[in-house]
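Please open the model in your viewer and keep the selection tool at hand. We will go from stop to stop, selecting a few residues each time and looking at what is there.

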Amino acid sequence: MIPTYEEYLSKEKSLDFEEMTALHHKIVSEIGNDPDALELYDELVQVATYYSNIRSQWFLWNREERIDRAYRRTFCHNSLIVKCNHLAPSPENAGEICRLA
């Protein structure tokens with residue numbers, strides 16, 4: 001089966017494009033011009049990009065390749081959550097930001 005956007009939207013923690021855009025605007029406005037927050041945001045984007053690359057290839061890999069890369073995927077996912085937690089000014093916002101992961 002080929003995953004679709006509609007299938008994604010049926011998932012419990014999914015966000016539609018409008019919700020994603022609103023969340024991104026909220027993150028950007030909270031960061032402002034704070035150099036430490038900007039650095040954390042850059043790190044978050046780097047880790048998120050790497051993680052999304054791994055996830056996008058996951059269905060293309062055979063079982064052995066998945067097993068071989070599972071540790072790296074998990075490590076990257078955990079690193080992404082840590083970046084979200086560091087960037088969020090409050091625990092509530094961390095959960096909202098990490099909802100994307």
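**First stop: a salt bridge within one helix**

Select Glu65 and Arg69, whose side chains meet in a salt bridge at 4.0 Å, N to O; a salt bridge here is a side-chain nitrogen of Lys or Arg within 4 Å of a carboxyl oxygen of Asp or Glu. The model is a predicted one, in which local features need pLDDT of at least 70 and side-chain atom pairs count only at pLDDT 80 or more, while totals for chains, interfaces and linings use all residues. Residues are numbered from 1 along each chain as its sequence is written, and side-chain values use heavy atoms, with hydrogens and water left out.

Both Glu65 and Arg69 lie in helix α4, four residues apart, which is about one turn of the helix; helices (H or I, at least four residues) and strands (E, at least two) are DSSP runs, numbered from the N terminus. Glu65 is partly exposed, with a relative accessible area of 29%, and Arg69 is partly exposed at 23%, where buried means under 20% relative accessible area, exposed over 50%, and partly exposed in between (1.4 Å probe, protein chains only).

**Second stop: charges over rings**

Keep Arg69 selected and add Trp61: the charged end of Arg69 sits over the ring of Trp61, 4.4 Å from its centre. For this description, NZ of Lys or CZ of Arg must be within 6 Å of the ring centre and within 35 degrees of the ring normal. Next select Arg73 and Trp58, where Arg73 lies over the face of Trp58 at 4.5 Å from the ring centre.

**Third stop: a salt bridge between helices**

The structure holds two salt bridges, and for the other one you should select Glu43 and Lys83, whose side chains meet at 2.9 Å, N to O. Glu43 lies in helix α3 (residues 35-58) and Lys83 in helix α4, so the pair ties together parts that are 40 residues apart in sequence. Is Lys83 buried or exposed? Lys83 is buried, with a relative accessible area of 18%, whereas Glu43, at 23%, counts as partly exposed.

**Fourth stop: aromatic rings**

Rings of Phe, Tyr and Trp (its six-membered ring) pair if their centres lie within 6.5 Å; planes under 30 degrees apart count as stacked, over 60 as edge-to-face and the rest as tilted. By this rule the count comes to four aromatic pairs. Select Tyr5 and Phe17, whose ring centres are 4.8 Å apart with the planes at 15°, so the pair is stacked. This pair links distant parts of the chain, with Tyr5 in helix α1 and Phe17 in helix α2 (residues 17-31), twelve residues apart. Phe17 counts as exposed at 52% relative accessibility.

Now move to Tyr71 and Phe75, where the ring centres lie 6.3 Å apart and the planes are at 25°, so that this pair is stacked. Both residues lie in helix α4 (residues 63-87), four residues apart; Tyr71 is exposed at 65%, and Phe75 is exposed at 55%.

**Last stop: a nonpolar patch**

Return to Tyr5 and Phe17 and add Tyr8, since ring pairs link Tyr5, Tyr8 and Phe17 into a cluster. Adding Leu9 to the selection shows a nonpolar patch on the surface, in which Tyr5, Tyr8, Leu9 and Phe17 have about 350 Å² of accessible area together. Patches are made of residues with over 30% relative accessible area and no salt bridge, with like charges joined within 9 Å and nonpolar side chains (Val, Leu, Ile, Met, Phe, Trp, Tyr) within 5 Å. Helix α1 (residues 5-9) gives the most to this patch, with three residues.

Methods
Areas by Shrake-Rupley, 256 points an atom, 1.4 Å probe, with all protein chains shown as cover.
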